[in-house]
Amino acid sequence: MNPERPLVDVAVGMLCRGDGAVLMTSRPAGKPYAGYWEFPGGKFEHSEDVAAALTRELQEELGIAAIQTEPAWEIEHDYPHARVRLLFCWVTEWEGQIKPLEQQQTLWVAPGAAWPYPVLPASIEFLPKIQRQAAKRTGS
């Protein structure tokens, strides 16, 4: 980590359906790591907290309104283009139909299924933990 680079706060939404499947989206063309798979979300805007940033980002990216969110964990990661603090949150209830508003792909990953490839580097180590916790949420 390079502590001299500014730290950017990013809200990350792990949308989890009742069957334990978790939503991933591909990064749109023109963004760093275009085509990589990620959990939806994005940078905080001025004076936002994690819930406000996540709500706004899910509306902008997927056209949905988050109803039920729960903080999960946070990590810092130093990418070549930015040093980020990722604040992961479970999203277990939302309103509206998921629509890829940034021409990104969407994919529901069922418990025990293989993750798509490639996944953003900061998320890779958490994939097994995400699947375990998603499965627990369904009682599986």
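1. A residue is called buried when its relative accessible area is under 20%, and because Cys89 has a relative accessibility of 5%, Cys89 counts as buried. Cys16, with a relative accessibility of 4%, counts as buried as well. The model discussed here is a predicted one, and the points below should be read with that in mind.

2. On the question of disulfides, a search of the whole structure finds zero. For Cys16, the closest cysteine sulfur is that of Cys89, and because the two sulfurs are 14 Å apart, they are too far from each other for a bond. Seen from Cys89, the closest cysteine sulfur is in turn that of Cys16, again at 14 Å.

3. Turning to the interior, the largest nonpolar core has 25 residues, and Met14, Phe39, Leu86, Phe88 and Ile130 are those that touch the most other members. At least two residues of this core come from each of β1 (7-15), β2 (22-26), β5 (65-78), β6 (83-95) and α3 (127-138), and the largest share, four residues, is supplied by β6. Apart from this core lies another one of 11 residues, which includes Leu23, Leu54, Ile64 and Ala66. As background, nonpolar side chains in soluble globular proteins tend to be buried together.

4. Which residues does Ile130 contact, once its neighbours within four places in sequence are left aside? The contacts of Ile130 are Met14, Val22, Phe39, Trp73, Trp90 and Trp115, and among these, Met14 and Phe39 are also listed with Ile130 as core residues that touch the most other members.

5. An open sheet of three strands runs in the order β3-β2-β7, with antiparallel pairing. Because β3 (37-38) and β7 (106-109) stand at the edges and have a single partner strand each, one side of each is left without a neighbour in the sheet. The antiparallel pairing of β2 with β7 extends over four bridges, and Met24 stands opposite Leu107 in β7.

6. Arg5, which lies in the segment before β1, is partly exposed, with a relative accessible area of 23%. Not counting residues up to four places away in sequence, Arg5 touches Asp78, Tyr79, Pro80, His81, Ala82 and Arg83. A polar atom of the Arg5 side chain lies 2.9 Å from the backbone oxygen of Tyr79. Arg5 and Arg83 are 78 residues apart in sequence, while their C-alpha atoms are 6.5 Å apart in space.

Notes. Residues are numbered from 1 along each chain as its sequence is written. This is a predicted model: local features need pLDDT of at least 70, side-chain atom pairs count only at pLDDT 80 or more; totals for chains, interfaces and linings use all residues. Side-chain values use heavy atoms; hydrogens and water are left out. A nonpolar core is a set of buried Ala, Val, Leu, Ile, Met, Phe, Trp, Tyr and Cys residues joined through side-chain atoms within 4.5 Å. Buried means under 20% relative accessible area, exposed over 50%, partly exposed in between (1.4 Å probe, protein chains only). Contact means heavy atoms within 4.5 Å. Two strands pair if DSSP finds at least two bridges between them. A polar contact is a pair of N or O atoms within 3.5 Å; within protein, one must be able to donate a hydrogen and the other to accept it, and residues adjacent in sequence count only if both atoms are side-chain atoms. A disulfide is a pair of cysteine sulfur atoms within 2.5 Å.
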